[in-house]
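Me: I'd like to learn how to read a model like this one. Can you walk me through a few features?

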Amino acid sequence: MDFFGHQDDARKKTSLLVGYYILAVAFIIIAVYAAFMLVLFGAEMKMRGSDSLDLSKLWNTKAFLAVVTGTVIIVVTGTLYKIAQLGKGGEAIARMLGGRKVPANTSDPAERRLLNVVEEMAIASGTPVASVYVLDGEQGINAFAAGFSPSDAVVAATRGCIDQLSRDELQGVIAHEYSHILNGDMRLNIKLTGILHGILLISLVGYWIMRSSGRSRSSGSRKGGGQLVILGLLLWIIGYIGVFFGKLIKSAVSRQREFLADASAVQFTRNPGGIAGALKKIGGYSSGSKITSANAEQASHFFFANGLTSSLMSAFATHPPLSERIARLDPTFTAAERDARGSAAGMGSASAMTSGLASGGSADIAVNTDDVVASVGQPGLEHLAFAARILSSIPPAVETAVRNPSSARAAVYCLLLSDDTSVSGAQKAHLEAHSEATCLQDIRKLEAEIRQLGPEYRIPLADIAVTALKEMSPEQYNRFIANVDWLTAADQEVDLFEYALKALIKRRLEPVFGVVNKVPIQFYDLAPLTGDACRLMSCIAYWGADLMDDAARAFNAGVDKMGLGPQQIAALDQCGLDMIDKAIKKLNQSSPAIKKRVVQGCVECIAVDGKITVDEAELVRAIADGLDCPVPPIEAGVLTPAA
């Protein structure tokens, strides 16, 4: 299943989740009503001294409606409260489990290795570099990804994970988590956490009634406290219907996703031994994958491996058995191996494979346009190799700078400095008046080395810098964005790279410094969006063409690929940044199937001349990013016909 199919599947899973939720609430309502009537009739029989029960009185419409109203209010309130509590996305989950954010410029070797692996995965998949957390108090080998979207995603690993696993094994685990990021599983997981909290709240209400009634009875201030204690006990027990349904829902939603994420990790790294080795180590490690946090149950469906101790309800576990996951990855695996502590991966070295592909790089790399679209949300080893090559060859001074919140801003400014000395002089003068005192000093240190880097380094550098830029204050952020806008417009024109960089910076940082609402799907047919699609194609065609005839040919190729039939290219003087931004905003309200056609049209438009430049590739990736379709790096080169 491709990325766009996964997005549709995520919505189907959400429907399944809602169905189970309604079923659980219905059972809870029936059980609460039965408990209420049982206590009521018990009290009445005691008062009358009778031991017979009039079954005809067990149904009371008013009482039932009161129970329905009260139960629904409690469950929905609990759900909404928990979702609001998790409003910060992945960061809230990580902190709930005792996580500590790893600074971008950490000097701890294990943390540095974890950050490097996350950066590789992000650059290779075309997603923002996730914030990284470490659960210092957890010795079990485990990890998770959490967030509402890739823009606010968090990747967290236990101390046992980063200390016990080799780099290949750690890479396999993080690749597994990036599959959850790419396929929309994280948002579903947060919804699941909120829903289950609402269901379990009935137990908390029962506990509160028991506790309050017990105190009242001991103080002798009230009569009838015994019946309230019984009601509280029954509600507390009934609440565990929620536990059952919670495990049922988690099992139904999570187990198959783990197999799919394992398979995606293998596709990503081409090294089944990495993730299989991590799973084998969990099986033979004294702490296994156990999470000791008191909140582990709430977040059990987030983890890479089962974070809870075994229980009688193992049939409803959120994760498949380790042996079954390993056997799918390593057909030679036997159950006896599970007890071999620290079992080696033994399936080859992903880092060696990556470095072999990453060394080189050629201007004549063949690009297949269909493969570009197929790679959306499904990066492969060639993309990981590209990321590894970029990261390993960044000059040390530049690498240090982009990981520091202060100098990272200077590094981004350097990327926007014009080659025209008169323009760059005006840009530096503006920065001297509108940025920190040390900014120009950092620019002088970095400018020459950043200019020497090839164009393929520019967007990855900005991606890495974003991690440090998230540490800015709101005031620093506002000043930084204003400077980026000014530098971009300094020469009175915006080129492909400037647009791509500016779009990337804003999309990556807006979720941190502002409120970004989820865009609802409004369109399942491209016909109502034909005008927006044509305006987008017009801008792309003019931007990458030397002649008007070339622009028209590129435009026609793009709209034809989208299946729109003959259309008229917009006039050149009508095209601009506002047009492209408005078109993307409207097209982002379409279904995944429509977005796929738009991305296909964009790729076809830039490829019509038989080659793709770095700037054209980054433009398409920026547009796709605006449509929430992460496109892995597209290496510039010549084209081959579609298979």
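Here we go through the whole chain, then one helix, one residue and one surface patch.

Reply: A bit of housekeeping. This is a predicted model, where local features need pLDDT of at least 70 and side-chain atom pairs count only at pLDDT 80 or more, while totals for chains, interfaces and linings use all residues. Residues are numbered from 1 along each chain as its sequence is written, and side-chain values use heavy atoms, with hydrogens and water left out.

Me: How many helices and strands does the chain have?

Reply: Helices (H or I, at least four residues) and strands (E, at least two) are DSSP runs, numbered from the N terminus. The chain has 25 helices and seven strands.

Me: What share of the chain counts as buried?

Reply: Buried means under 20% relative accessible area, exposed over 50%, and partly exposed in between (1.4 Å probe, protein chains only). Here 52% of the 643 residues count as buried.

Me: How do I check a helix, say H25, against its expected span?

Reply: Take 1.5 Å times one less than its number of residues. H25 covers residues 614-626, and its 13 residues should span 18 Å; the end C-alpha atoms are 18 Å apart, which agrees.

Me: Is H25 enclosed or open?

Reply: Twelve of its 13 residues are buried, so H25 is largely enclosed by the rest of the structure. Among the buried ones are Val614, Leu619, Arg621 and Asp625. After the helix comes Asp628, with a positive phi near 60°.

Me: What is Glu616 in contact with?

Reply: Contact means heavy atoms within 4.5 Å. Glu616 lies in H25 and counts as buried at 6% relative accessibility. Leaving aside neighbours within four places in sequence, Glu616 is in contact with Leu496, Gly544, Ile606, Asp609 and Lys611. Glu616 and Ala636, 20 residues apart in sequence, are 8.6 Å apart in space, C-alpha to C-alpha.

Me: Now the outside: which residues make the nonpolar surface patch?

Reply: Patches are made of residues with over 30% relative accessible area and no salt bridge; like charges are joined within 9 Å, and nonpolar side chains (Val, Leu, Ile, Met, Phe, Trp, Tyr) within 5 Å. A salt bridge is a side-chain nitrogen of Lys or Arg within 4 Å of a carboxyl oxygen of Asp or Glu. In this case Tyr207, Leu233, Trp236, Ile237 and Tyr240 make a patch of about 500 Å².

Me: Which helix gives the most to that patch?

Reply: Helix H8 (residues 225-269), with four residues. Ile237 is found in H8 and is partly exposed, with a relative accessible area of 47%.

How values were computed
Accessible areas come from the Shrake-Rupley method with a 1.4 Å probe; for residues, only the protein chains shown count as cover.
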